[in-house]
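Please look over the notes below with the structure open beside them. They go point by point and stay with local geometry and packing.

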Amino acid sequence: MPFNITTAPLLPDSLHIDSVHRHGIQVVQLLQGRFHDYAETMLMMSHLGDPRHAFLLYFPLVFAISRGVGLRLLWVAAIGEWLNNVLKWFMYGQRPYWWVRETGVFDIVPPVQQYRLTCETGPGCPSGHAMNISSVLFVLIVSLLSDIKHKAGVRGGVLTLFGIRLVVWSMFAMFVGLVSVSRVFIATHFPHQVLMGTIAGIILGQIFMTIPVEKMRLPSYLAAGTVILGVSFLIFQTMEAFDMDPGWSVPLAIKHCADPSHVHINTTPFASLARDAGHIVGLGVGINSGLVP
């Protein structure tokens, strides 16, 4: 259901950021011009990178195969999406589809095509899709390669293991790259935002590979859910105390989205926070209740 808010101030950008955004719009136009006939493919790639799929699709499949990897995947997905929202609150990242119409740097507003997945309502930096898919796939690939190396033992040749790593990491780069390009193509993100999201996701994945999530008990899950909601609430209240509107991007999405029906409440940071805390706590209750083998 569309929102009813219609206006909101746009925070002033520095000249440097304006330059980055101008070049970003040129990349958006270039991609939209070159790959116009592949719009549905781009939308599919963007859909596959949706952070919600980490909870609804990737986690159940992986957990059914490997409990330990599945737990790690859900943890990195939930904490990653939460951290992404926190970063977005502080970085005030614009999105191409509204920035190009709000900024005054153009004499003539460049044409930027919108699609059904374009009108996300949260701030744009860093990209949540790029951060989520890179962190989730990083955990999956490192776990897979570790398992292959363990099972191969001395029988696996150095060249064979190197070849497997090369193929798997190449697939990682290709998939993350396609998701990132698709986000720029549909004018939801600038190129630097998907790059920052990818780097942040890889770093987060590396950190979670060192955390023994398999040994965590219910108090750890409850604490994590409390921290996600509690810290987010404190940030929200602090921003409001300093006259900083945490929801500044929602009116811009509503104002500049070509089709109001494409603006949905489940793309706001608050919907993500509820999902992250709910999945963490729900998983903790489930695996510690004896209901989950």
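1. Ala187 is a buried residue, with a relative accessibility of 0%, which is under the 20% cut-off. This is a predicted model, and the remarks here apply to the model as such. Ala187 sits in the loop that links helix H7 (158–185) to H8. Its phi is positive, near 65°, and the residue is not glycine.

2. Asp243 also has a positive phi without being glycine; the value is near 60°. This residue lies in the loop between helix H9 (218–241) and H10. Is Asp243 buried or exposed? Its relative accessibility is 75%, so it counts as exposed.

3. A further positive phi, about 50°, belongs to Tyr92, just after H4. The helix before it, H4, has 25 residues and spans 36 Å from first C-alpha to last. That is close to the 36 Å expected at 1.5 Å a residue. Of the 25 residues of H4, 20 are buried, so the helix is largely enclosed by the rest of the structure.

4. How do the axes of H4 and H8 cross? Helix H4 (residues 67–91) and helix H8 (residues 191–208) have axes that come within 10 Å, with a crossing angle of roughly 140°. The pair is therefore oblique. The crossing of H4 past H8 is right-handed.

5. Which residues make the contact between H4 and H8? On the H4 side they are Arg72, Trp75, Val76, Ile79, Gly80, Leu83 and Met91. On the H8 side they are Met196, Leu204, Gly205 and Phe208. By class, the residues of this contact are eight nonpolar, two polar and one charged.

6. The peptide bond between Cys125 and Pro126 is cis, with omega about 0°. Pro126 belongs to the loop between helix H5 (96–102) and helix H6 (128–152). Please check this bond in the viewer.

7. His256 is part of helix H10 (residues 249–256). With 11% relative accessibility, His256 counts as buried. What does His256 touch, leaving aside its neighbours within four places in sequence? Its contacts are Tyr97, Trp98, Arg101, Glu102 and Gln114.

8. To recap the loop residues with positive phi: Ala187 counts as buried, whereas Asp243 counts as exposed.

Technical notes
Residues numbered from 1 in each chain as written. Predicted model: local features only at pLDDT ≥ 70, side-chain atom pairs only at ≥ 80, totals over all residues. Heavy atoms only, no water. Axes fitted to C-alpha atoms, helices over the stretch in contact; angles between N-to-C directions. Helix = DSSP H or I, 4+ residues; strand = E, 2+ residues; numbered from the N terminus. Parallel < 35°, antiparallel > 145°, perpendicular 65-115°, else oblique. Left-handed = near helix turned anticlockwise from the far one by under 90°. Contact = heavy atoms within 4.5 Å. Nonpolar A, V, L, I, M, F, W, Y, C, P; charged D, E, K, R; others polar. Expected span 1.5 Å × (residues − 1). Buried < 20%, exposed > 50% of the residue type's maximum accessible area, 1.4 Å probe, protein only.
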